[in-house]
Structures are given as C-alpha cells and as structure tokens.
Amino acid sequence: MEEKRSLLTNSCSFANVKPLMIEWPYPPIQVKERNLGYANLLSADYCGSVSELSAITQYINNENRISCEKCSMAKTILGIAMAEMMHLQKLGELIHLLGGNVDYTVQTQNGCSQMWTPKFITIPEKPRDMLIADIEAEKDAIRQYRMHIGMICDSAVNAVLARIIRDEEYHIILLQTLMDELEEC
C-alpha cells in the first residue's frame, strides 16, 4: 500500500514585488576625479558592518524566515532588500569610478582591510525584534552616509549618497508601519 505524502509549500507569492524606493530619480553616477580615499570610504558603505551588503543579507534572512506566516510583511521586507541591492550597485559603480576595488573588502585609512562577514548582521527570532534591528540598521546607515558626505568633497558623489539617504528614511517609515501592524495583532 502506497502512502500519500503532501508537499510543503509557501503560499506567499513574490511575483510582483518591486524595489521600495521614493519616486525621485537618482543623480548620474559620476565623479569629479579618481580619489582612492573616497573609494575607501564608500567601501564601508558597500560592504562594512554598516553597509548595503549587510542590509541586503539581513533583510533577505528575515524575509525567508517569516514568509510562511506573515506574507505581507515578507513582501515589504523583500521590496526594501531590492532597493538596498540598487544602492549596492550604485556604490559599486562609484567605487570603481573613484579608482577603488569592488571586492567585498573595506579599505581603512590606515591601510588595513576587512572582508565582509555574516557576523555583521543581526538575526533575531521574533518578527518584532527583526523590525527593531532593521530600523536601527537603517538609522546607522543614515548616520554613516551623512558622516561620509561631510568627508567627501565631490558634489556628484554626495548627491548619490544624499539620494540613498532618502530611501533609507523611507525604509524606516515602512518598517515602523510594519511594527505598528504587529502591535495591533
């Protein structure tokens, strides 16, 4: 006698998820001149402990773990992760134009380098704690971008960083809305 096995499936469809970004165009991806110091600063935004790569990884991990129970929340988190991927791509272009290497290594001013590691991300168990960690990570990213804008004397680079900040601020609003929805349940 043959035993029937049921397949486990995730009924959450991500077919129409798009990057969640504000409706403003990005400035052109260009630089005044090559500047390895600026490229090294941006490498921290690209793949440091507070970076787009860390954000993407943390968001995708959170989305994967909640998609079966909280589909709507998972879709929002995936949309934010997709926006972070666009930021990563734009930073990579800037780093390259500035003369730096795009290799998942942060180059520090004292000549040291540090490779990206999953130790940079926070992986809480509960959705509420995930959202809190994501909000804090967005706030940290905004602080770091603002600091880098103050250190970089290239208006073209700073325009891109300022535009990324606008998306990060929007992400905080989206994540706070998800927190509010969780607390209503």
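This passage walks through the overall build of a predicted model, then its nonpolar core and one buried aspartate.

Start with the big picture. The protein chain has 5 helices and 2 strands, and reading from the N terminus the order is α-α-α-β-β-α-α. Its C-alpha atoms fit in a box of roughly 70 × 35 × 25 Å along the principal axes. Of the 185 residues, 45% count as buried. Contacts reach a long way along the sequence: among those between residues at least 6 apart, 80% join residues at least 24 apart. On the outside, the accessible surface comes to about 10500 Å², with 54% of that belonging to carbon and sulfur atoms. As for charge, there are 17 positive and 25 negative ones, and their mean positions lie 1 Å apart.

Now for the inside. The largest nonpolar core holds 47 residues, and Leu42 and Leu131 are the ones touching the most other members. Helices H1, H2 (52-66), H3 (71-97), H4 (127-151) and H5 (155-184) each chip in with at least two residues, and H5 gives the largest share, 11 residues. Leucine 131 itself touches Met73, Ile77, Leu175, Leu178, Met179 and Leu182, leaving aside residues up to four places away in sequence.

Aspartate 45 deserves a look of its own. This residue is found in helix H1, which spans residues 36-47. Aspartate 45 is buried but has no salt bridge, and the nearest side chain of opposite charge, arginine 143, is 12 Å away. With residues up to four places away in sequence set aside, aspartate 45 touches Val50, Ser51, Glu52, Leu91, Gln144, Tyr145 and His148.

Conventions: Residues numbered from 1 in each chain as written. Heavy atoms only, no water. Helix = DSSP H or I, 4+ residues; strand = E, 2+ residues; numbered from the N terminus. Buried < 20%, exposed > 50% of the residue type's maximum accessible area, 1.4 Å probe, protein only. Lys, Arg positive; Asp, Glu negative; His and termini not counted. Salt bridge = Lys/Arg side-chain N within 4 Å of Asp/Glu carboxyl O. Contact = heavy atoms within 4.5 Å. Core = buried A, V, L, I, M, F, W, Y, C linked by side-chain atoms within 4.5 Å. Areas by Shrake-Rupley, 256 points an atom, 1.4 Å probe, with all protein chains shown as cover. Charge placed at Lys NZ, Arg CZ, Asp CG, Glu CD.
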